[in-house]
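Welcome! Let us walk through this structure together, one part at a time.

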Amino acid sequence: MEILILLIALSLLIALGFLGAFIWATRSGQYDDDQTPAIRMLHDNPTKKAKTE
Amino acid sequence: MEPVKSVALSDETLVTKQPDACYHCGELCGHDAVVADDRDFCCQGCSTVYQIITQNGLDDFYTLAEKPGFSLSNSSKLDYSWLDDPETQEQLITFRQGSTVRVLFELPQIHCASCVWLLEKLYRLNDGIQQSRVNFNRRELSVVFQEDQITFRELVELLDHIGYRPAIRLADLDKEHTPAVNRRLIYQLGVAGFAFGNIMLFSFPEYLGLNSIRESLFSRYFGYLNLALAMPVFLFSATDYFRSALAGIRVREINMDVPISLGILALFIRSTVEVLTYTGPGYFDSMAGLVFFLLIGKWFQQKSFDRLSFERDYKSYFPVSATLEDGTTRSLNQLIPGDRILVRNQELIPADGVLLEGAAMIDYSFVSGESAPVAIQPGSKVFAGGRQTGGRLLIHLSHTVKQSYLTQLWNEQSFHSDEKGRASKIARVMGGHFTWIVLSLALGTLAYWLAVDSGKAIHAFSSVLIIACPCALALAVPFIMGNGVRILGRNGAYVRGPQVIESLATTDVLVLDKTGTITYADQSDIQWEGDTLTEEEKWAVSAICRQSIHPLSQSLSAFLGVPPRSVQVTAFEEIPGQGLKASVNGKAYAIGRFGTPDTPPKRDVTAVEIHIHNGYVGSYIFQPRYRQGLQTALAAMPASMTMHLVSGDRPVDHEFLANLVGSPDQLHFQQLPADKLEFVKQQQLENHHVLMIGDGLNDAGALRQSNVGVVITESLNNFTPASDMILSAQSFILLPAIRKLSKRLVSHVYLAYGLALLYNVVGLSFAIRGDLSPIIAAVLMPLSSLSIVIYAWIVSHFESKRLGLIIHDHDQ
């Protein structure tokens, strides 16, 4: 049963990793704007190249 | 039932049916129409933008949304040479490293998916632009560019050129840049959620009553883990509540955060002691859950107020640059007395000065509310805030911008009446009562157990503090009012905080401004009075009026229509303050206010007189057009509401207006901004709560003084004075429903308080007896919070539906 102690510590470490990921995501500004990405993702990449150079 | 939507709908069908709508902006093509690529454009500007866009392979711009472009027909070219000044640039740039520069622009024109698409493809228009990102909610564009390839000024000119003129305001030049988004709350929320989840897991043996392991190694191990997880919640996530509670106590005011802080403090200390002394598992799960729920409430509330800025002053209205006599431009805060500046048609005078030359017809409606322009002779003083209508003026400045009359007026104390707090008043009052009840209950329990069984005393005392912690109570206002704020937003009414809904519910006096508020700002009814004009004469009048930029001439020519090209105007002359003289086909016309002894100029209405060959023929009478649904809206106001009309204009339409507000005593004309402010103050001295509706800067002082100041605006992108609520003009008719909704929501807040108290009474009955187990606390806290959230959602939607307001937003 004592092995549980190690397992729980490991599980907490993994959870901390997720918290770290969340903090990183916030720091990089992913939560600053929650509306524009929803619009942006519907846009296709422009396929046509410039007609005249 | 849904007036706002039906307007939008009919708008759309109009555009698609119309064959000669502009391909770029969707507006009707008038006399300036341009045809290019077999497509119609309403003006040269739109056609240019189309060419830039298609030549760079960005045609998709036109396929992504119905009306993607922004009409350029009314915009004049701006001179941005003042942007070359390095000092001015520094104020506007957010970040610079080497030649890489990042700048944030506010672009009020952003309105659809196509805008986002085009603005994020700016790098295809110029190689110097590395990246551009749009924030749709805030109507902002962040651009990273190489300064050695495109200058700041060229970038602004490029944006202006494709129809997105950056809104650079005087205020931007003055203040430090503040970070746009508050990420702290998101971190706090994340940490609290993380801790809450994990602590719950580690508390499971406790929940399941696995007593066999209670005294074992695991129990201690979990205890320490929980303590470690709870630390960041206590020290980071919850700090704002402690700070707010302390700030409240310091000004001798007990707000809702005081009992919350007490509860968190009791939870943390009690649990820490239990864990460290191995006497129990503690209540860390309840603590983390409590903080997590509270922060969700806070976040929900904050999200509702993202979009519009309500803090505005004269700086938002003023241009950022002025043109000097030699044609160069200079940023406004660098102007000094002695400078000679040029002011063109429709430009604001930025600072007080003396008129040197030019025919000045200055519209001071911005300052005084009187909309008729005033003629000013060279040598006389002109004041900041006046708008020139007519030719070019040369002004010798006598004051700096900051020392001018208008700006001084703004700095006066009366215009900065006590900042209305953002915090909810109900929550503040309830928080006060609640804290005293909790404290006396806790102390009573302490005293009782000290006498009966001193071993249990501290235990029972802290239990009372824990269970009474008003989590559900604290959530009632954010969620009920937050939902209310969102629903109002969908109906075209944007409020600046939940306390506005509360104040709105208690208002009993309605003060209305006239021009632009109950009438349309940009439309008037024109009627002909006099002998009948022939078709030829009408065309002649229209053609003459087209030569002038005076607003009355402009609306008259628009009313009469475009004359045939054969109508030739000769000997045109504009006499400031009087009108126009010209001849067409050998007939001499005089249009304006040339009163002769037998036909004195009419002073009580706005009229344009027509004289042909020095003989008076008749007048075009300009009547303000009242808003559609005005009578219905005001009639739907409760009878207990007294209405007053306070206008800067001359008295007009006495009978109609008296009928509208109730009696002639309630009409107040020719009121200066200071008089309006005084009027509102007077009403408040008589113990009335004033709801004021206005539109311009001349109402600004009164709007601030009012309990609820509402600004009505045709376009939400327009600058409006500081206010509590911005009401879109189409939603004017919803005003009675909005007020009713606010009333009902306030009573629902009280009902929710009752519901929350029920839970507290149940919990307290355990706590006072001294046997509150962690599991009861852990169940009661989320249960009460959850029921409040659900209650808030149901009542706000139900009440809005009953009042015929739009609940769901399908537009975006």
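What you see is a predicted model. A good place to begin is chain B, which is divided into domain 1 (3-62), domain 2 (81-174), domain 3 (184-305 + 426-480 + 744-802), domain 4 (491-520 + 627-743) and domain 5 (521-626). To get a feeling for the distances, look at domain 2 and domain 4 of chain B: their C-alpha centres lie 38 Å apart.

Now let us turn to the interior. The largest nonpolar core has 123 residues, and the members that touch the most others are B:Met287, B:Ala288, B:Val291 and B:Ala476. Helix H25 of chain B (residues 735-769) supplies the largest share of this core, 14 residues. Domain 3 and domain 4 of chain B both contribute residues to the core, so it lies between them. As a general background, nonpolar side chains tend to be buried together in soluble globular proteins.

You can zoom in on B:Met287. Leaving aside neighbours within four places in sequence, B:Met287 is in contact with B:Ala230, B:Val233, B:Ile264, B:Leu267, B:Phe268 and B:Ser271. Apart from the largest core lies another core, of 38 residues, and B:Phe61, B:Leu119, B:Phe152 and B:Leu155 are among them.

Finally, where do the two chains meet? Here 22 residues of chain A are in contact with 23 residues of chain B. On the side of chain A that touches chain B, helix H1 (3-27) and helix H2 (36-40) of chain A are the elements that give two or more residues. H1(A) gives the most, with seven residues. By type, the residues on this side of chain A divide into eleven nonpolar, five polar and six charged.

Technical notes
Residues numbered from 1 in each chain as written. Chains lettered and ligands numbered in written order. Predicted model: local features only at pLDDT ≥ 70, side-chain atom pairs only at ≥ 80, totals over all residues. Core = buried A, V, L, I, M, F, W, Y, C linked by C-beta atoms within 7 Å. Buried ≥ 20, exposed ≤ 12 C-beta atoms within 10 Å, placed from the backbone. Helix = DSSP H or I, 4+ residues; strand = E, 2+ residues; numbered from the N terminus. Domains from an automatic or database assignment. Contact = placed C-beta atoms within 7 Å. Nonpolar A, V, L, I, M, F, W, Y, C, P; charged D, E, K, R; others polar.
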